[in-house]
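Here is a short briefing to read alongside the structure. Take a moment with the chain as a whole, and then we can look inside it together.

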Amino acid sequence: MTEQQRERLAALACVAWLAVGLWAPALSLPPEYHHFADARTWLGLPCAADVLSNAAFALAGVWLWWRAMQVPHPSLPGLPGVQWMAVMLTGAGLLLTAAGSSVYHWHPDDLGLVIDRMGMGVAFAGLLGVAVADRIGDRAALALTGAVLLLAPLAAALAWQADNATPWLVLQAGGLLVLLALAWCPALPRRLAVPWGWVVAVYALAKLLELGDHAVFGWTHGLVAGHTLKHVVAACAIWPLCAALSRRPHRLAGALHVHSQSDRTITA
């Protein structure tokens, strides 16, 4: 399949994704949405566990940036520039998610949730950009990243202003389906070849912990709540991408060594 064919298929999928978000029945947030299991205060910090566990996102963002900086600059024969920039955007999104989610959990309400989701939208845009650049091509990656950066804040605001959470739910679920579909596609040459299925599996586990917030709090006899664990597990979803980045310099060094050996042979 050529790059143009892959792009057309991706465009059709995105149009269907957008149509579902626009015309699916509107859903409201449950009345108890902001009532988390662990509301304990620590040293004057309200909802301390849910606030402090967002440090996992910040650590993941810094780790991702550090790994990305070990890869040769895009102008060198390392990682293509679009995928490298999408990786950096993902790291920025994780840092914004850490900040926005901390603000939200400090005092959970509708406005705080919008701030939280705006940071998440940046992380989603970057991650989808990395995945599409990995399996489809750079032009499709730029288009989808730009679209998600534009649409995610709108979807977050709609849940607040129009009491319609459907676009945000479709954005999240559709993004996971895109990653899952791309996991079955072969990686393009000189790309990271991230095992996207693992990213989806870890994030799905995080969502289950979120849904079981109160149940987990009960099972652990008040030790830890599901939403607190959700933050930590969701941050771990970035591990396959970091692992792929850590392998990249070694692959490049091996390729350059073989190329250098070949040049010496030809010269001799």
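In this predicted model, 46% of the 268 residues in the protein chain are buried. The fold is built from 11 helices, with zero strands. The points below start with the whole chain and then turn to the space enclosed within it.

**The chain as a whole**
- Following the sequence from start to end, you will read the pattern α-α-α-α-α-α-α-α-α-α-α.
- Take the contacts with a separation of 6 or more: 76% of them join residues 24 or more positions apart.
- On the outside, the protein chain exposes about 13,600 Å², and 74% of that area comes from carbon and sulfur atoms.

**The space inside**
- Rolling a probe the size of a water molecule over the atoms shows where empty space is left.
- Here, one cavity of 30 Å³ or more turns up in the structure.
- The largest cavity holds about 40 Å³ of space.

**What lines the largest cavity**
- If you would like to find the spot on your screen, select Leu29, Asp110, Leu113, Val114, Arg117, Ala156, Ala159 and Trp160, which form the lining.
- Two elements each give two or more residues to this lining, namely helix H5 (110-135) and helix H6 (138-161).
- Of the elements, H5 contributes the most, with four residues.
- What is the class make-up of the lining of the largest cavity? Six residues are nonpolar and two are charged, while no polar residues take part.

Methods:
Residues are numbered from 1 along each chain as its sequence is written. This is a predicted model: local features need pLDDT of at least 70, side-chain atom pairs count only at pLDDT 80 or more; totals for chains, interfaces and linings use all residues. Side-chain values use heavy atoms; hydrogens and water are left out. On a 1 Å grid over the protein atoms alone, a cavity is a set of points where a 1.4 Å probe fits but cannot get out, and a pocket is an open set with protein on both sides within 12 Å along at least five of seven lines; lining residues have an atom within 4 Å of a point. Grid points are joined across faces, edges and corners, and a volume is the space filled by probe spheres set on the points. Ala, Val, Leu, Ile, Met, Phe, Trp, Tyr, Cys and Pro count as nonpolar, Asp, Glu, Lys and Arg as charged, and the others, Gly among them, as polar. Buried means under 20% relative accessible area, exposed over 50%, partly exposed in between (1.4 Å probe, protein chains only). Contact means heavy atoms within 4.5 Å. Accessible areas come from the Shrake-Rupley method with a 1.4 Å probe; for residues, only the protein chains shown count as cover.
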